[in-house]
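Reader: Before I accept the terms used for this protein, I would like to see each one set against its criterion. Could you show me the structure and then take my questions in turn?

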Amino acid sequence: MTHLTQGIPSGAKRSRGTPSSTALQRSQLRSDCRTSVIKSNLPTKSRGTYTLVIDLPRAQTIRVGALGAFRFPRGKYLYIGSALNGLSARIARHIRADKKLRWHIDYLLAHARIKEVWTHQGDERLECVWAQAALAMPNARVIVPRFGAGDCNCAAHLVFLVE
Ligand SMILES: [Zn+2]
């Protein structure tokens, strides 16, 4: 397990229901530290697949770039991606607040908080496998079809988890 940030509760437990049985490195972010500097143990040139555990504090309508505007329920979301050219830089970008809105996830993160980041280092692009596993959970819902999944056949790479 590699901690990506400072300020991680020492009692952080490994969660169940992770989208893969592969060894995940998991870090827990304080809900109020979105703009804090990441202190990453990942090598700069690390590559791999990651999941962002996201909390949207209240229901709201959010425009997601060219996909249009959607009503997002409050609660927990999983976003799955891969970065085969700089995993730590990608995660740092997700956490950074001041950036141009470019990807679908940027539009959601402008209103939401990243609670946890799960990473797995490796050359394989596992994002679709993880997304399918997340989508197969009984409480999984797709809020925005094709969110983060413009280049594959997944229903979405963003999964809302009904409480
Ligand atoms: Zn996919």
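Reader: Which residue of β6 stands opposite Asp55, and what makes β2 and β6 count as paired strands?

Author: In this predicted model, Asp55 stands opposite Arg113 in β6. Two strands pair if DSSP finds at least two bridges between them, and β2 (residues 48-56) and β6 (residues 113-121) are joined over eight bridges in the antiparallel sense, so the pairing criterion is met.

Reader: How do you know that β2 is also paired with β5?

Author: The same criterion of at least two bridges applies, and nine bridges join β2 to β5 (residues 75-83), the two strands running antiparallel. Within this pairing, the bridge partner of Leu52 is Tyr79 of β5.

Reader: Why is β2 described as mostly covered?

Author: A residue is buried if 20 or more other C-beta atoms lie within 10 Å of its own, and eight of the nine residues of β2 are buried. For the protein of 163 residues, the share that counts as buried is 36%.

Reader: Why is Phe70 called partly exposed rather than buried or exposed?

Author: Phe70, which lies in strand β4 (residues 69-72), has 16 other C-beta atoms within 10 Å. Because buried requires 20 or more and exposed requires 12 or fewer, the value of 16 falls in between, and Phe70 is therefore partly exposed.

Reader: What makes Ile143 a contact of Phe70, and how far apart are Phe70 and Ile143 in sequence and in space?

Author: A contact is judged between C-beta atoms, which must lie within 7 Å, and Ile143 is listed among the residues that Phe70 touches, together with Thr61, Ile62, Val64 and Val144, when residues up to four places away in sequence are not counted. Phe70 and Ile143 are 73 residues apart in sequence, and their C-alpha atoms are 7.5 Å apart; that distance is from C-alpha to C-alpha, so the C-beta cut-off of 7 Å does not apply to it.

Reader: Which residues have the most contacts inside the largest nonpolar core, and which elements supply that core?

Author: The largest nonpolar core has 35 residues, and Ile54, Tyr77 and Tyr79 have the most contacts inside it. At least two residues of this core come from each of β2, β5, α1 (87-95), α2 (104-109), β6, α3 (127-135) and β8 (158-161). Ile54 touches both Tyr77 and Tyr79, and its other contacts beyond four places in sequence include Leu108, Ala112 and Ile114.

Note on methods
Residues numbered from 1 in each chain as written. Predicted model: local features only at pLDDT ≥ 70, side-chain atom pairs only at ≥ 80, totals over all residues. Helix = DSSP H or I, 4+ residues; strand = E, 2+ residues; numbered from the N terminus. Contact = placed C-beta atoms within 7 Å. Core = buried A, V, L, I, M, F, W, Y, C linked by C-beta atoms within 7 Å.
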